[in-house]
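Reader: I should like to learn how the features of a structural model are read, beginning with one residue and ending with a pocket. May we work through an example?

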Amino acid sequence: MNYTVINRHLHVGDIRLVAVASASLFLIGDADAIHLSSAFDTPPESLIIGPFVPLVPTRGEAP
Amino acid sequence: MKRTSVVQTFHAETLIISSVLQIGDSERISARTRAFAVQRQYELFFGPEGEQIFPVLTKPIPRWTSPSPVAARQTLHESPVISVQSVRVLAISSSAIVHIGSTSTAEAEARIKHIRQLAGSESSAPTRGRDL
């Protein structure tokens, strides 16, 4: 199978971004390969109400 | 063959935490962030609190490998230029990449663990870290 990509004229006006964050990519150009990964963990138990003690994961459990 | 990027005006306010602003072509860009964000109702610092044992910060993330292409691709750049009049960015953070120009490989990884700690209804001001 053959396929052809033709990149014609590309002119962009004004770009306004508030934020590019957490393994994101804003690219003006060409690329061969892009690998982006982001892990964000805020489980319910991450809101702790009670005495201030140092944080360590619960034994045998994924925190 | 890659195209040329032309940007007339560029303005960025803040660039922090392993982020990259690349103007010009690049071959490979790799950015990594690990953040352990703890918000406490009172200022209390216990020093290291087990950052290395939270799976979200340590577990390997599987990497996708592209299969061999099933089609023969041909790319024709009828115009060798990508042009942008202006770019304004307020903030670039946590392994983000802003790239004007072409690249071969761009990779980024961000791992963030966020915990909020509030005082219980019966507990008042913190006692730890003060003279008792």
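**Contacts, cores and a pocket**

Author: Let us begin with the contacts of a single residue. Apart from neighbours within four places in sequence, Y3(A) is in contact with A71(B), A72(B), R73(B) and Q74(B). Please keep in mind that the model is predicted.

Reader: In which element is Y3(A) found, and is Y3(A) buried, partly exposed or exposed?

Author: Y3(A) belongs to strand 1 of chain A. Its relative accessible area is 38%, and because this value lies between the 20% and 50% limits, Y3(A) is classed as partly exposed. As for its distance from another residue of the chain, Y3(A) and V53(A) are 50 residues apart in sequence and 61 Å apart in space, C-alpha to C-alpha.

Reader: What pattern does chain A follow along the sequence?

Author: The pattern is β-β-β-β-β, with five strands and zero helices. Of the 63 residues in chain A, 27% are buried. The chain exposes about 4,300 Å², of which carbon and sulfur atoms supply 57%.

Reader: How should a nonpolar core be read, and which residues make up the largest nonpolar core here?

Author: In soluble globular proteins, nonpolar side chains tend to be buried together. In this model, the largest nonpolar core has twelve residues: I15(A), V20(A), F26(A) and I28(A), together with I82(B), V84(B), V87(B), V89(B), I92(B), A96(B), V98(B) and I100(B). Two or more residues come from each of strand 2 (10–21) and strand 3 (25–28) of chain A, and from each of strand 5 (81–93) and strand 6 (97–100) of chain B. Strand 5 of chain B gives the most, with five residues. A second, separate core has seven residues, including I29(B), A31(B), I97(B) and A110(B).

Reader: Which residues does V87(B) touch?

Author: Not counting residues up to four places away in sequence, V87(B) touches I15(A), F26(A) and I28(A) in chain A, and V7(B), T9(B), F10(B) and H11(B) in chain B.

Reader: Turning to the largest pocket, how many residues line the pocket, and which lie nearest its centre?

Author: The lining has 22 residues, and those nearest the centre are Y3(A), A31(A), D32(A), A33(A) and R73(B). Y3(A) and R73(B) are also in contact with each other. The volume of the largest pocket is about 570 Å³. Strand 1 (2–7) and strand 4 (33–41) of chain A, and strand 4 (72–77) of chain B, each supply at least two lining residues.

Reader: What is the chemical make-up of that lining?

Author: Eleven of the lining residues are nonpolar, six are polar and five are charged.

How values were computed
Residues are numbered from 1 along each chain as its sequence is written. Chains are lettered from A and ligands numbered from 1 in the order in which they are written. This is a predicted model: local features need pLDDT of at least 70, side-chain atom pairs count only at pLDDT 80 or more; totals for chains, interfaces and linings use all residues. Side-chain values use heavy atoms; hydrogens and water are left out. On a 1 Å grid over the protein atoms alone, a cavity is a set of points where a 1.4 Å probe fits but cannot get out, and a pocket is an open set with protein on both sides within 12 Å along at least five of seven lines; lining residues have an atom within 4 Å of a point. Grid points are joined across faces, edges and corners, and a volume is the space filled by probe spheres set on the points. Helices (H or I, at least four residues) and strands (E, at least two) are DSSP runs, numbered from the N terminus. Ala, Val, Leu, Ile, Met, Phe, Trp, Tyr, Cys and Pro count as nonpolar, Asp, Glu, Lys and Arg as charged, and the others, Gly among them, as polar. A nonpolar core is a set of buried Ala, Val, Leu, Ile, Met, Phe, Trp, Tyr and Cys residues joined through side-chain atoms within 4.5 Å. Buried means under 20% relative accessible area, exposed over 50%, partly exposed in between (1.4 Å probe, protein chains only). Contact means heavy atoms within 4.5 Å. Accessible areas come from the Shrake-Rupley method with a 1.4 Å probe; for residues, only the protein chains shown count as cover.
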